[in-house]
Amino acid sequence: MDLRRLEAFVVLARELNFTRAARHLHVTQSTLSAAMKSLESELGATLFARSTRSVALSDAGRALLPHARATIDAMDAARSAVSATGELRGSLTVGMLSGLTVVDVPALVGRFHQRHPQVRLRLETPRRGTADLVDEVVQGRVDVAFVGGRLVDPRLRAVPIRTYDLQVAVPADHPYAAKSSLTLDELANEAFVDMPDGYGQRTIIDVAFAYRALPRTVVAEVTDLRSIPGYVAHRLGIALLPPEVVRDGGYPLRTIPVSDTDLSWTLSVVTHAEHPSSRSLKAFLDLVPAHVRPERAF
């Protein structure tokens with residue numbers, strides 16, 4: 001089996017777009033299309049469901065993807081083993097949440113690139129936060145991701161970075177500001193500013209309200225957790241936030257604990273539990289602890 005076709009398959013499976021994949025591979029779209037048809041013919045299976053508007057992995061494609069990546073990693077390891085310098089090679093795709101600064105990702109990937117310049121790095125920030133990142137890791141399109149939430153998925157290997165407790169954030173002159181604690185029932189009729197569906201924090205809050213069969217109205221959705229205090233300060237709505245994020249925002253807000261339920265989530269770095277870790281992935285994970293910034297809220 002031609003390794004170059006496998007590499008092209010992995011890139012197309014990640015991009016799900018012939019134009020972007022061909023550009024990344026430095027080939028024409030027709031060359032890429034021919035390579036995929038050749039690979040499908042060799043395997044006797046359709047790897048992609050194609051239409052005029054979209055490309056999606058078929059069941060066979062999803063089954064092949066982890067094996068293709070493992071094969072490429074094995075060949076990269078073999079090349080490194082016989083290389084005079086022992087340099088790591090291959091590629092590494094890193095998923096991250098919008099606005100994340102508690103991990104100094106630019107410094108992290110910069111250090112990794114300095115040590116392993118032959119490894120191709122790609123950073124990905126999805127539209128639906130943790131939900132999309134978990135799916136990308138499970139499907140094998142992302143090697144490692146920084147995600148937030150309560151992860152109980154046996155397909156994932158998670159290393160916790162920081163746990164956040166959520167409290168109610170309100171303007172300093174809000175009627176709730178004088179309270180020492182609040183309950184979910186008291187919050188049920190309030191307007192909220194929150195993250196979009198799919199983000200870990202949003203999921204935890206929605207589940208807590210749904211469990212009590214309580215209504216909740218979200219009037220504004222923003223993807224950067226750190227920007228929410230500003231919307232609260234300008235009275236668009238209240239929010240459930242980590243107190244340290246509120247303090248970092250610098251706005252005159254008060255935070256009040258929720259007394260009748262546990263609202264917390266954990267920022268973690270995750271990989272696929274069942275896929276063998278490549279040497280590049282292990283090298284990247286080894287660098288993460290040194291790039292966690294405890295002085296940053298998120």
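## An arginine over two rings

Let's start with a charge parked over a ring: the charged end of Arg216 sits over the ring of Phe192, 4.8 Å from its centre. Arg216 has a second partner of this kind, since its charged end also sits over the ring of Phe209, this time 5.6 Å from the ring centre. Keep in mind that what you are looking at is a predicted model.

## The chain as a whole

Now zoom out. The chain has 298 residues, and 49% of them are buried. DSSP runs give 11 helices and 12 strands. If you follow the C-alpha trace along its principal axes, the chain spans about 70 × 45 × 30 Å.

How far along the sequence do the contacts reach? Take the contacts between residues at least 6 apart in sequence: 75% of these join residues at least 24 apart. You'll meet some examples of such links below.

## Two helices that cross

Helix H2 covers residues 18-25 and helix H3 covers residues 29-43. The two pack at an angle of about 100°, and their axes are 9 Å apart. An angle from 65 to 115 degrees counts as roughly perpendicular, so that is the label for H2 and H3.

Which residues do the touching? On the H2 side they are Phe18, Thr19, Ala21, Ala22 and Leu25, and on the H3 side they are Gln29, Leu32 and Ser33. Sort the residues of this contact by type and you get five nonpolar, three polar and no charged.

## Rings that pair up

The model holds six aromatic pairs. One of them is Tyr164 with Phe298, an edge-to-face pair with 6.2 Å from centre to centre and 65° between the planes. Tyr164 belongs to strand E6 (residues 156-165), while Phe298 sits in the segment after helix H11 (279-287), so this pair ties together parts of the chain that are 134 residues apart in sequence.

Are these two residues buried or exposed? Both Tyr164 and Phe298 are buried. They also have company: Trp265 joins Tyr164 and Phe298 in one aromatic cluster.

Phe298 turns up again when you look at Thr101. You'll find Thr101 in the loop between E3 and helix H5 (105-115). Leaving aside neighbours within four places in sequence, Thr101 is in contact with Phe298, and also with Arg226, Arg293 and Arg296. Its relative accessible area is 13%, and buried means under 20%, so Thr101 counts as buried.

## Helix H6 and what covers it

Helix H6 runs over residues 129-139, and its buried residues are Gly129, Thr130, Leu133, Val134, Glu136, Val137 and Val138. Here's a handy bit of background: an α-helix has 3.6 residues a turn, so residues three or four places apart point the same way.

What covers the buried residues of H6? The cover includes strands E3 (90-95), E4 (119-124), E5 (144-149), E6 and E12 (264-272), along with helix H8 (200-211). Right after H6 comes Gly140, with a positive phi of about 85°.

## Two residues around helix H9

Val232 lies in helix H9. Its relative accessible area is 0%, so Val232 is buried. Setting aside neighbours within four places in sequence, Val232 is in contact with Ala169, Val170, Pro171, Gly237, Ile238, Ala239 and Leu253. Val142 is another story: the C-alpha atoms of Val232 and Val142 are 34 Å apart, with their positions 90 residues apart along the chain.

Leu236 lies in the loop between helix H9 (228-233) and strand E10 (239-241). Buried or partly exposed? With 39% relative accessibility, Leu236 counts as partly exposed. Leaving out its neighbours within four places in sequence, Leu236 is in contact with Ala191, Val193, Val219, Ala220 and Tyr231. For Leu236 and Ala191, 45 residues apart along the chain, the C-alpha atoms are separated by 7.7 Å.

## A look at helix H5

Last stop: Ala107, which is found in helix H5. Its relative accessibility is 31%, so Ala107 counts as partly exposed. Ala107 and Gln139 are 32 residues apart along the chain, and their C-alpha atoms are separated by 27 Å.

Key: Residues are numbered from 1 along each chain as its sequence is written. This is a predicted model: local features need pLDDT of at least 70, side-chain atom pairs count only at pLDDT 80 or more; totals for chains, interfaces and linings use all residues. Side-chain values use heavy atoms; hydrogens and water are left out. Axes are lines fitted to C-alpha atoms, for helices over the stretch in contact, and angles run from 0 to 180 degrees between N-to-C directions. Helices (H or I, at least four residues) and strands (E, at least two) are DSSP runs, numbered from the N terminus. Angles under 35 degrees count as roughly parallel, over 145 as roughly antiparallel, 65 to 115 as roughly perpendicular and the rest as oblique. Contact means heavy atoms within 4.5 Å. Ala, Val, Leu, Ile, Met, Phe, Trp, Tyr, Cys and Pro count as nonpolar, Asp, Glu, Lys and Arg as charged, and the others, Gly among them, as polar. Rings of Phe, Tyr and Trp (its six-membered ring) pair if their centres lie within 6.5 Å; planes under 30 degrees apart count as stacked, over 60 as edge-to-face and the rest as tilted. Buried means under 20% relative accessible area, exposed over 50%, partly exposed in between (1.4 Å probe, protein chains only). A charge sits over a ring if NZ of Lys or CZ of Arg is within 6 Å of the ring centre and within 35 degrees of the ring normal.
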